[in-house]
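Subject: Structure for your review

Dear colleague,

Please find below the sequence and structure that I am handing over to you. My findings follow, and I would ask you to read them with the structure open.

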Amino acid sequence: MDNERLKVVLTRRWPEAVERELEQIFDVSLRQEDGPMSRDELSQALKEADILCPTVTDRIEGDMLRDPQVRVRLIANFGVGFNHIDVAAAAERNISVTNTPGVLTQATAEIAMTLILTCARRTGEGERLVRSGKWQGWHPTHMLSTQVSGKVLGIVGMGRIGIALARMAHHGFGMQILYFGRSEVAPEVAAELGAARVSLEALLGQSDFVSLHCPATPETHHLLNADNLACMQPHAFLINTARGDVINEADLADALAGGGIAGAGLDVYESEPTVHHALYECPQAVLLPHMGSGTLQTREAMGRCALHNMQALLAGQALPNKVV
Ligand code: DGY
């Protein structure tokens, strides 16, 4: 294939080192301003590029892909989750879609662990108190919090990230691991982690911390809702670094306000960057701006992973991370 003619559009800026690597191989179009592309700009890019590299902030819908003028042959997503792309429509049009699995496992598990610790140990509140200048000094009953070590962690979705979190929690904090997932983990992994597979209801009822690591699919939409949030223990915390719409945010805000659960640590939201207004009012909610994969090392690795997929297209080889 003549690479001179392969045009690549990045919808957002990538770490500079990877942009330079890309430019050595492809005719790359970079945005000058790093804001999200509008729907019209995305549709135009699909008509002008051979390869489009979107992110979680770009909705690539079926009607955009079905336009007869679409030129794109590969959508090389910068990210592992691809629920923002209509993959069925891409398949209809013979457009390949790839993602970047594996490279963001540790970084995302770290943010899940951070949220567990931040919620339980009230470190966000503590930092804000010191910064406010109102801290009155140490005393025995000040800002009492919940110990994490030795508690039960329930993991929903025991894929790469779920297992990485389980390792940190079990080996680092002596936590007992329960999980709910489509399939059983390998016996040696279950043995290493002492992990037991249970139903969702059992997991919610028995865990001190519940952490979500499943993809956003029609089956997982609002998987956590008023009915099953009610199964959680009042002292338990819910952590979400997966996708916002796995939780019904209005139901979560009600559960927090009513004391049904002790707190929530969220990195992802149903309508990013909008956060359900009631969550802002919940002091027991720790809210992060979708930063799970946000280390420089990981974002560079995500870019290189996308680049490998593009190079495979160029070389006429099987795409390493093809999801369609
Ligand atoms: C992912 O890779 O899916 C992260 O959420 C960032 O997009």
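Axes are lines fitted to C-alpha atoms, for helices over the stretch in contact, and the angles between their N-to-C directions run from 0 to 180 degrees. Please also bear in mind that this is a predicted model.

**The sheet of 5 strands**

With that definition in hand, consider helix 13, which comprises residues 296–315. Helix 13 lies across strand 1 (7–10), strand 3 (51–53), strand 4 and strand 5, and runs at about 160 degrees to strand 4.

These strands belong to an open sheet of 5 strands, whose order is 2-1-3-4-5 and whose pairing is parallel. Strand 2 (27–29) and strand 5 (96–98) are found at the edges; each has a single partner strand, so one side of each is left without a neighbour in the sheet. On average, and with direction ignored, neighbouring strands of this sheet are turned by 20 degrees against each other.

How many bridges join strand 4 to strand 5? There are 3 bridges between strand 4 (residues 74–76) and strand 5, and the two strands run parallel. Within this part of the sheet, Ala-76 stands opposite Thr-98 of strand 5.

**The sheet of 7 strands**

Another open sheet is formed by 7 strands in the order 8-7-6-9-10-11-12, again with parallel pairing. Its edge strands are strand 8 (196–197) and strand 12 (285–287), each of which pairs on one side only.

Strand 6 (residues 152–156) pairs with strand 9 (residues 209–212) in the parallel sense, over 4 bridges. Here Ile-155 stands opposite Ser-211 in strand 9.

Two helices that pack on this sheet deserve your attention. Helix 7 (residues 160–173) touches strand 6, strand 7 (176–180) and strand 9, and its direction makes about 175 degrees with that of strand 6. Helix 11 (residues 249–257) touches strand 10 (237–240), strand 11 (263–266) and strand 12, and its direction makes about 145 degrees with that of strand 11.

**The ligand**

Which residues are around the ligand? They are Val-56, Gly-79, Val-80, Gly-81, Leu-104, Arg-243, His-290, Ser-293 and Met-302. This shell divides into 4 nonpolar, 4 polar and 1 charged residues.

Oxygen atoms of the ligand lie at short listed distances from several of these residues:

- Val-80 places a backbone N or O atom 2.6 Å from a ligand oxygen atom.
- Gly-81 has a backbone N or O atom 2.9 Å from a ligand oxygen atom.
- Arg-243 has a polar side-chain atom 2.7 Å from a ligand oxygen atom.

On its own, the ligand has 230 Å² of accessible area, and the protein covers 89% of this.

**Two details of the backbone**

The peptide bond from Glu-272 to Pro-273 is cis, with omega near 5 degrees. Pro-273 is placed in the loop between strand 11 and helix 12 (277–280).

His-222, a residue other than glycine, has a positive phi, near 55 degrees. This residue is in the loop between strand 9 and helix 10 (226–229).

Yours sincerely,

A colleague

Conventions: Residues numbered from 1 in each chain as written. Predicted model: local features only at pLDDT ≥ 70, side-chain atom pairs only at ≥ 80, totals over all residues. Heavy atoms only, no water. Near = heavy atom within 4 Å. Polar contact = N/O pair within 3.5 Å; in protein donor to acceptor, adjacent residues only side chain to side chain. Areas by Shrake-Rupley, 256 points an atom, 1.4 Å probe, with all protein chains shown as cover. Nonpolar A, V, L, I, M, F, W, Y, C, P; charged D, E, K, R; others polar. Pairing = 2+ DSSP bridges. Contact = heavy atoms within 4.5 Å.
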